[in-house]
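Hi,

Here's the model I promised to pass along. Have a look at it first, and my notes come after.

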Amino acid sequence: MNFPGKQPGKDRIEQPAVSAPATSGDARPLNGSAFARAGAFLYALLILYGSLYPFASWRDNGITAFAYVRAPLPYYWTGFDVITNILAYVPLGILLVFALFPLLRGFWAMLVALSLGGLLSMSVEALQTFLPSRVSSNLDLMTNFSGACIGAVLGVALTRFFLVESRFLLQRKRWFIPHASRGLVVLGLWPLAQIYPQSYLFGHGQLLPMVSGWLSDWLNTVIDLAAWLRPAENLSVEQYWLFETLITACGLVGALLTLLCLLRPKAPKLRLAALLAFLAVSTKALASALLFTPANAFAWLTPAAEGGLVIGVMMLCGLVFAPPLAQRLVAGLALLGCLLAVNIAPANPYFLATMQEWVQGKFLNFNGAARFLSLVWPFLALWFLYHPVHRQKSR
């Protein structure tokens, strides 16, 4: 029924929707954080991999798995070991509390996070009993448990600012498409994947050499799977350059296009892409300086890598404002091309010479986790790009 003075469809005036931070008094249900859940799961995998690396020479030495719990405290220990063991589990405690929100909050979230962190540490120490390169220690268990406890307390204290009244979440809604959390987790790991030394810049996912080593040990013969796929047995200098340029360009394009396909049209795309690239190369330089010598901070920036960066930037400039579906498609193809090239390319002889100077020492756990990240990152990115649910939600 139409009233005088009003036209059909004109009685309802559209008002701009204003998103306000959710508070504890809101009637709206609070949503959990997929970012925190995925982050907690991946961080737990990092701890597991880093604590058991290099996964070699497993054996039963006649000691039960949990004998370390009742053993005397270790005589030899350093402040460095204690601090790193505590700090390693602090992020896990925070992420677990965030992952449990809003199902569990406050004391109960802290208790469950602390229990899961302690269970992970206890299991890792038990498995280390069967690794000759590791030493199970009740001191490590106590320090890891302390780190998880600190993280759980911090997580409860920070829940209000990061999950309830978070300006960061409001800004994310303005810049990123809905359901971008998993993609943001993958992209957040990309700069960290630069920590472990690689033959080629952005050359992650180099699995064939590792699988070749396993097969060689198993069959007692030298097996090189990459050589079977390589176009020539001995590459020329120009071919080395071509491989390095291709790997650098494809790695850069794949990562940054994954970011771009998550952004809304009004987001500062160029600035965010430049920020992600800056974080990646800065992490690479800092890691090279710390793991080797300050003089090697930019040893990875070879002429071929510089050419790959230039080509990658040129490709990105042409795809910044392309449709998200096209960006997603090109990102996947670039990552697949990078994976193929890095697995069939021979090891750089200059890189091998540099690696001979690398003494891992106390950073064995850390380097194991960094190596794991470098191996799995392109597969995580491809999983996100090609997953049917993620493809649908980005359209």
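Below is what turned up on the nonpolar cores and two buried residues.

This is a predicted model, where local features need pLDDT of at least 70, side-chain atom pairs count only at pLDDT 80 or more, and totals for chains, interfaces and linings use all residues. Residues are numbered from 1 along each chain as its sequence is written, and side-chain values use heavy atoms, with hydrogens and water left out.

The largest nonpolar core (buried Ala, Val, Leu, Ile, Met, Phe, Trp, Tyr and Cys joined through side-chain atoms within 4.5 Å) has 66 residues. Phe176, Trp190, Leu259, Leu262 and Trp377 have the most contacts inside it. Among the helices (DSSP runs of H or I, at least four residues, numbered from the N terminus) that each supply at least two residues of this core are H1 (34–52), H9 (237–260) and H14 (364–386). Another core, of 22 residues, lies apart from it and includes Tyr89 and Val124.

Leu259 touches Phe176, Leu187, Leu272, Ala273 and Leu276 (contact: heavy atoms within 4.5 Å), leaving out residues up to four places away in sequence.

Now for Ser374, in helix H14. Ser374 counts as buried because its relative accessibility is 1% (buried is under 20% relative accessible area, with a 1.4 Å probe and protein chains only). Its C-alpha atom is 8.4 Å from that of Gln198, 176 residues away along the chain.

Thr248, in helix H9, is buried too, at 0%. The Thr248 side chain reaches the backbone oxygen of Glu244 at 2.9 Å.

Cheers

Note on methods. Buried < 20%, exposed > 50% of the residue type's maximum accessible area, 1.4 Å probe, protein only. Polar contact = N/O pair within 3.5 Å; in protein donor to acceptor, adjacent residues only side chain to side chain.
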